Amino acid sequence: MTELKTPLAEQADAFVQTQSSTPAQRLTSEAQAIETARRLAGEFAREAVVRDRERRLPVAELDTYSQSGLWSIVVPKAYGGLGASYRTVGEVFKQISSADGSLGQLAQNHFVILAHIAFDASEQQKRFFFDLALSGARFGNAFSERGSKHVADFQTRISADGPDFLVSGQKFFSTGALLAHWVPIVAVTEEGLPHLAVVPRNAPGLKVVNDWSSFGQRTTASGTVLIDQVRVLLRRWCRSGRRSTARPQAVRFPSSSRLPLMLVLLAARSMTLWITFAAILARGSTQGWRRPRMIRTSFSRWATCRFACARLMRCSTWPPMLSIMRCASRQKRTWRKPRCSPPKPRC
């Protein structure tokens with residue numbers, strides 16, 4: 001691949017991380033995990049604004065984060081992990097993301113990969129990868145591709161080469177790959193069958209380019225991954241068994257693996273979202289929405305909506321949010337009362 005000869009690609013090797021020789025901490029309870037997240041959030045918040053403004057990658061903070069034991073709390077107890085509930089996982093994500101949204105997002109794909117391994121990997125693979133996670137290893141992400149028809153229309157190919165496999169292609173928006181120890185790559189065979197190939201970050205032929213540019217959350221290291229005939233050992237790939245040429249839902253991780261991210265969006269980032277939403281409603285303008293004049297409401301109605309979502313966060317049910325979204329999408333000017341009534345204000 002000619003892209004590998006560009007200066008950016010050659011420069012990317014400077015970001016290869018070496019895993020600490022000291023194993024990560026083993027957390028013994030979910031309460032300890034939450035307390036650890038709160039303590040780290042206080043530390044990460046000190047220079048979060050400066051890091052984002054200067055686009056300074058949180059290398060030291062990420063090492064501290066993964067060595068704390070929080071990155072392995074979803075490893076099942078049968079494999080030596082904590083086996084934490086999603087309520088605890090959501091609380092951990094909320095604490096970290098409230099201090100630094102980039103650090104909160106950097107762990108997202110790592111958790112998704114662990115869920116994928118728990119559901120689809122062989123016993124030998126589970127023992128190998130879960131032991132890596134418990135020792136403090138970080139898994140990145142090489143999933144999305146540019147110019148495809150849909151999210152599951154992959155052009156990255158995997159082919160047999162003796163007892164092993166070779167992978168070639170290019171990925172983008174690869175959150176966490178730049179500073180990861182292992183990079184999971186989604187690739188398809190000539191027949192269109194998707195596979196998950198997990199390779200070391202320093203594997204020959206694998207380059208991660210630090211070309212991420214964004215407005216906000218500038219330190220997620222979501223760059224481009226260039227894959228040129230990267231060798232994958234037979235024991236380090238998982239088969240999905242669905243064809244990527246089908247509908248976008250063909251390649252899917254377990255639905256439970258997406259739950260922590262939804263909790264983060266509702267909890268840690270809810271304040272930012274609702275401030276933006278309130279500003280739009282207060283102006284009486286909907287220029288930021290897809291369709292003009294979609295929502296007209298008063299501040300009191302917005303407050304009712306805000307309280308409903310606060311109730312939603314406590315009861316972990318979806319009907320209020322769904323009602324609000326349906327009301328907006330149908331361009332109704334009348335307020336639809338959520339199924340979950342807002343709490344009464346205290347005097």
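At what angle do helix H2 (residues 30-44) and H4 pack, and how far apart are their axes? I looked this up at the start, and I found an angle of about 175° with the axes 11 Å apart, where axes are lines fitted to C-alpha atoms, for helices over the stretch in contact, and angles run from 0 to 180 degrees between N-to-C directions. H2 and H4 are therefore roughly antiparallel to each other, given that angles under 35 degrees count as roughly parallel, over 145 as roughly antiparallel, 65 to 115 as roughly perpendicular and the rest as oblique.

I note that this is a predicted model, in which local features need pLDDT of at least 70 and side-chain atom pairs count only at pLDDT 80 or more, while totals for chains, interfaces and linings use all residues. Residues are numbered from 1 along each chain as its sequence is written, and side-chain values use heavy atoms, with hydrogens and water left out.

**Entry: the whole protein**

I noted 12 helices and seven strands in the protein, where helices (H or I, at least four residues) and strands (E, at least two) are DSSP runs numbered from the N terminus. Of its 347 residues, 48% count as buried, and buried means under 20% relative accessible area, exposed over 50%, and partly exposed in between (1.4 Å probe, protein chains only). I then looked at contacts (heavy atoms within 4.5 Å), and among those between residues at least 6 apart in sequence, 72% join residues at least 24 apart.

**Entry: H2, H4 and the loop after H4**

Where H2 and H4 pack, I found that Leu40, Glu43 and Phe44 in H2 meet Glu61, Thr64 and Tyr65 in H4. I moved on to Ser68, which is found in the loop between helix H4 (59-67) and helix H5 (86-99). Ser68 counts as buried because its relative accessibility is 4%. Leaving aside residues up to four places away in sequence, Ser68 touches Gln25, Leu27, Thr36 and Leu40, and its side chain reaches the backbone nitrogen of Leu70 at 3.4 Å.

Gly81 also lies in the loop between H4 and H5, and at 15% relative accessibility I count Gly81 as buried. The C-alpha atoms of Gly81 and Leu27 are separated by 8.3 Å, although these residues are 54 residues apart along the chain. Not counting residues up to four places away in sequence, Gly81 touches Val75, Pro76 and Leu134.

**Entry: H7 and H8**

Does the length of helix H7 (residues 108-120) agree or disagree with the expected span? The expected span is 1.5 Å times one less than the number of residues, so the 13 residues of H7 should span 18 Å, and the end C-alpha atoms are 19 Å apart, which agrees. I also found that 10 of the 13 residues of H7 are buried, so H7 is largely enclosed by the rest of the structure; the buried ones include His110, Ile113, Leu114 and Ile117.

The axes of H7 and helix H8 (residues 123-135) come within 10 Å and cross at roughly 155°, and the two helices are therefore roughly antiparallel to each other. In this pair, His110, Leu114, Ile117 and Ala118 in H7 meet Lys126, Phe129, Phe130 and Ala133 in H8.

I finished with Phe129, which lies in helix H8 and is buried, with a relative accessible area of 1%. Phe129 touches Ile117, Phe139, Val198, Arg235 and Arg236, not counting residues up to four places away in sequence.

Technical notes. Polar contact = N/O pair within 3.5 Å; in protein donor to acceptor, adjacent residues only side chain to side chain.
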